[in-house]
Amino acid sequence: MSPTPDGGSAVIRSRAARAAPAAVGVTAVCLVVLALLGAGVRTGFAPQLRLDAAVSEALYVGDQRAAAMDVLLQVLTAPGLSWVRFLVFLPVLVLLVRRRAWWTAAWLLTAVVLIGPLNTLLKNYFGRVRPDFAEGGARLESLSYPSGHSSGIATLVTVALILAWPLLARRARHLALAAGVLLVLLVGLTRMWLGVHFLSDVVGGWALGVGWSLLTALLFGAFADGRAALRPTT
């Protein structure tokens, strides 16, 4: 027997009931990680700083890298830039407006646009300077914790997955999740390969991006049968 419409609705409601508590839990974990690492930065927590320094020295590829390597790293790190997020989500926003999916569009704008200013506010609060290497380093004037590229790519991937999840088949969901995780990891690693961030900057950025995306998704109702959730067209 094929499932009845009421049965299908019950399945959707059941998935929604599971998704929201899970999102709350992950959001809480992300905020705790962000706060704990930030506290370590502010107070100069020695074990954290030693680990940061050791990982930075081990991963930094040096100022004398080949020009081709530098171009490759710049390309690989680019998905964390704000203009990339805007470029990716602009056609999505146009489609949402055409479909009159106002709540979804509002959530998308809130999550994608505000992560940059929020990251800057946190950088100014924690006040961490960039890594300083004997052989040079990036010498960027902006602050370091949390990493803007890392929070940016985590936001891009998390928002994209939440939007697409109801529209994808099970196998496609697994592939999309794996690809998203790999992209987030790659962009974070490039920040340390380039010598512009410490390990805790990157992890803090990931926590901020994922936590912010999930928090806004919960507030706007972007999961399952929430008001901002996308549904397959029939």
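Which residues of the largest nonpolar core touch the most other members? I took this up as my opening entry, keeping in mind that the model is predicted. The core has 38 residues, and those that touch the most other members are F89, W107, L108, V159, I162 and L163. I then looked up where the core draws its residues from, and found that helix 1 (5-43), helix 4 (82-98), helix 5, helix 6 (148-164), helix 7 (170-193) and helix 8 each give two or more. Helix 5 gives the most, with eight residues.

**Entry on I162.** I followed I162, one of the residues that touch the most other core members, to its partners beyond four places in sequence, and I listed W107, S213, L214, A217, A222 and F223 as its contacts. W107 is itself on the list of residues with the most core partners.

**Entry on helices 5 and 8.** I next looked up how helix 5 (residues 102-126) and helix 8 (residues 199-220) are placed, and noted that their axes come within 10 Å and cross at roughly 145°. The crossing of helix 5 past helix 8 is right-handed. On the side of helix 5 the contact is made by W103, A106, W107, T110, A111, L114, I115, L118, N119 and L122, while helix 8 brings L208, G209, W212, S213, T216, A217 and F220. I sorted these residues by character and counted twelve nonpolar, five polar and no charged. W107, S213 and A217 in this contact also appear in my entry on I162, where they are listed among its partners.

**Entry on the whole chain.** I stepped back to the protein chain, which has eight helices and zero strands, so that I wrote its order from the N terminus as α-α-α-α-α-α-α-α. Of its 234 residues, 41% count as buried. For contacts with a separation of 6 or more, I noted that residues 24 or more positions apart account for 78%. The accessible surface comes to about 12,600 Å², and 70% of that surface belongs to carbon and sulfur atoms.

**Entry on A179.** Is A179 buried, partly exposed or exposed? I located A179 in helix 7, and I recorded it as partly exposed because its relative accessibility is 46%, a value that lies between the 20% limit for buried and the 50% limit for exposed. I also looked up its distance to V157, and found the two residues 22 apart in sequence and 9.2 Å apart in space, C-alpha to C-alpha.

How values were computed: Residues numbered from 1 in each chain as written. Predicted model: local features only at pLDDT ≥ 70, side-chain atom pairs only at ≥ 80, totals over all residues. Heavy atoms only, no water. Axes fitted to C-alpha atoms, helices over the stretch in contact; angles between N-to-C directions. Helix = DSSP H or I, 4+ residues; strand = E, 2+ residues; numbered from the N terminus. Left-handed = near helix turned anticlockwise from the far one by under 90°. Contact = heavy atoms within 4.5 Å. Nonpolar A, V, L, I, M, F, W, Y, C, P; charged D, E, K, R; others polar. Buried < 20%, exposed > 50% of the residue type's maximum accessible area, 1.4 Å probe, protein only. Areas by Shrake-Rupley, 256 points an atom, 1.4 Å probe, with all protein chains shown as cover. Core = buried A, V, L, I, M, F, W, Y, C linked by side-chain atoms within 4.5 Å.
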